[in-house]
Structures are given as structure tokens and as C-alpha cells.
Amino acid sequence: MTQLHLLLLLACLTAAAGQMLLKAGANGRGHWLEFVNWQVALGLGGYAVSTLLWMYCLSKLPLRVVYPYTALTFVLVVVGAVVLFGERAGWRSGAGTVMVLAGLLLIMSDRS
């Protein structure tokens, strides 16, 4: 795996972490001022870092290579929701996650 692919993985991880932090910062809050907290700030920071990494990778790799990595972010968010927030995921979520990963691996292995 090249350095750029590792940067793409890092971009996916920081985007997913940002989503987890946004969820943590939003949990149990109702008034808009309550959304101004350290978790939301860190979540937005995660998105900012992810976007910068993403843009760098887009400048070096074809879009057809970079864009499928967004699917990995979906998988990471599902796993994070289950592990960190105790959300339930049934067999359909598991099957969908496996299919998304299989699709990502197929796209990544296409050398044409």
C-alpha cells in the first residue's frame, strides 16, 4: 500500500472520528447553544483534517481511486456506533458492511 493510500485511510479515520465526536456532542442536547461544546469542536476539527488529507490525495491520485474510500468511512461509522454508543446492528447491517468492504476491495484491486 502506498503512502497516499495510507493518507486516504487516515482521512477516513479522521472523518469517522469526527462523526463520532459530533454524535457525542449532540447526545441529549436540545437547545442550539448546547451544541457549542468541546466534542462538537473536535468533531469539526476532525472533518477539517480529513478534508485537507482528502484534497491532497485528490491532487495526486485519480478520482476513481480516491472516491471509493468514502465507503470505508461508512463502515467505520457503523462499527463506531455499535462499539462506542451501544447502537444495535442486525444481520442486514453486518451483511451490508461486508458487501461495502468487498466492493471497496474489488475497486482497489482494479489496475486498469
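## Starting at V83

V83 lies in helix α4. Is V83 buried or exposed? With a relative accessible area of 63%, V83 is exposed, because exposed residues are those over 50%. From its C-alpha to that of G43 is 18 Å in space, and these two residues are 40 apart in sequence. Keep in mind as you explore that this is a predicted model.

## The chain as a whole

Let's step back and look at the whole protein chain. How many helices and how many strands does the protein chain have? There are five helices and zero strands. Reading from the N terminus, the order is therefore simply α-α-α-α-α.

To picture the overall dimensions, imagine a box of roughly 50 × 35 × 20 Å, laid along the principal axes and filled by the C-alpha atoms. The chain has 112 residues, and 29% of them are buried. It exposes about 7,400 Å², with carbon and sulfur atoms supplying 71% of that area. Sequence separation is worth a look too: take the contacts between residues at least 6 apart in sequence, and 69% of them join residues at least 24 apart.

## How α1 meets α2

Now for the helix pairs. Two packed helices are described by the angle between their axes and the distance between the axes. Helix α1 covers residues 3–26, and helix α2 covers residues 38–60. Their axes come within 7 Å and cross at roughly 160°. An angle over 145 degrees counts as roughly antiparallel, so α1 and α2 are roughly antiparallel to each other. The crossing of α1 past α2 is left-handed. Sorted by class, the residues of this contact are 18 nonpolar, eight polar and one charged.

Two residues help you find your way around here. G18 is found in α1 and has a relative accessible area of 0%, so it is buried. Leaving out residues up to four places away in sequence, G18 touches G43 and Y47. S50 lies in α2. Its relative accessible area is 8%, which is under 20%, so S50 is buried. Which residues does S50 touch, not counting residues up to four places away in sequence? They are A11, T14 and A15. Between G18 and S50 there are 8.7 Å from C-alpha to C-alpha, although they are 32 residues apart in sequence. For S50 and L106, which are 56 residues apart along the chain, the C-alpha separation is 24 Å.

## How α1 meets α4

Helix α1 also packs with α4, the helix that holds V83. The axes of α1 and α4 come within 9 Å and cross at roughly 40°. Why is this pair called oblique? Angles under 35 degrees count as roughly parallel, and 65 to 115 as roughly perpendicular; roughly 40° fits neither range, so α1 and α4 are oblique to each other. Here α1 passes α4 in a right-handed crossing.

On the α1 side, the residues that meet α4 are H5, L8, L9, C12, L13, A15, A16, Q19, M20, K23 and A24. On the α4 side they are Y69, L72, T73, L76, V77, G80, A81, L84 and F85. By class, the contact holds 15 nonpolar residues, four polar and one charged.

T73 gives a close-up of this meeting place. It is found in helix α4, and its relative accessibility is 16%; since buried means under 20%, T73 counts as buried. Setting aside neighbours within four places in sequence, T73 is in contact with C12, A15 and A16.

## How α4 meets α5

Helix α4 (residues 69–85) packs with helix α5 (residues 91–109) as well. What is the angle between them, and how far apart are their axes? The angle is about 155° and the axes are 9 Å apart. That makes α4 roughly antiparallel to α5, because the angle is over 145 degrees. The crossing of α4 past α5 is left-handed.

From α4, the residues making the contact are Y69, A71, L72, V75 and V78. From α5, they are T97, V100, L101, L104 and M108. By class, this contact has nine nonpolar residues, one polar and no charged ones.

Definitions and conventions. Residues are numbered from 1 along each chain as its sequence is written. This is a predicted model: local features need pLDDT of at least 70, side-chain atom pairs count only at pLDDT 80 or more; totals for chains, interfaces and linings use all residues. Side-chain values use heavy atoms; hydrogens and water are left out. Helices (H or I, at least four residues) and strands (E, at least two) are DSSP runs, numbered from the N terminus. Buried means under 20% relative accessible area, exposed over 50%, partly exposed in between (1.4 Å probe, protein chains only). Contact means heavy atoms within 4.5 Å. Accessible areas come from the Shrake-Rupley method with a 1.4 Å probe; for residues, only the protein chains shown count as cover. Axes are lines fitted to C-alpha atoms, for helices over the stretch in contact, and angles run from 0 to 180 degrees between N-to-C directions. A crossing is left-handed if the near helix is turned anticlockwise from the far one by less than a right angle, and right-handed if clockwise. Ala, Val, Leu, Ile, Met, Phe, Trp, Tyr, Cys and Pro count as nonpolar, Asp, Glu, Lys and Arg as charged, and the others, Gly among them, as polar.
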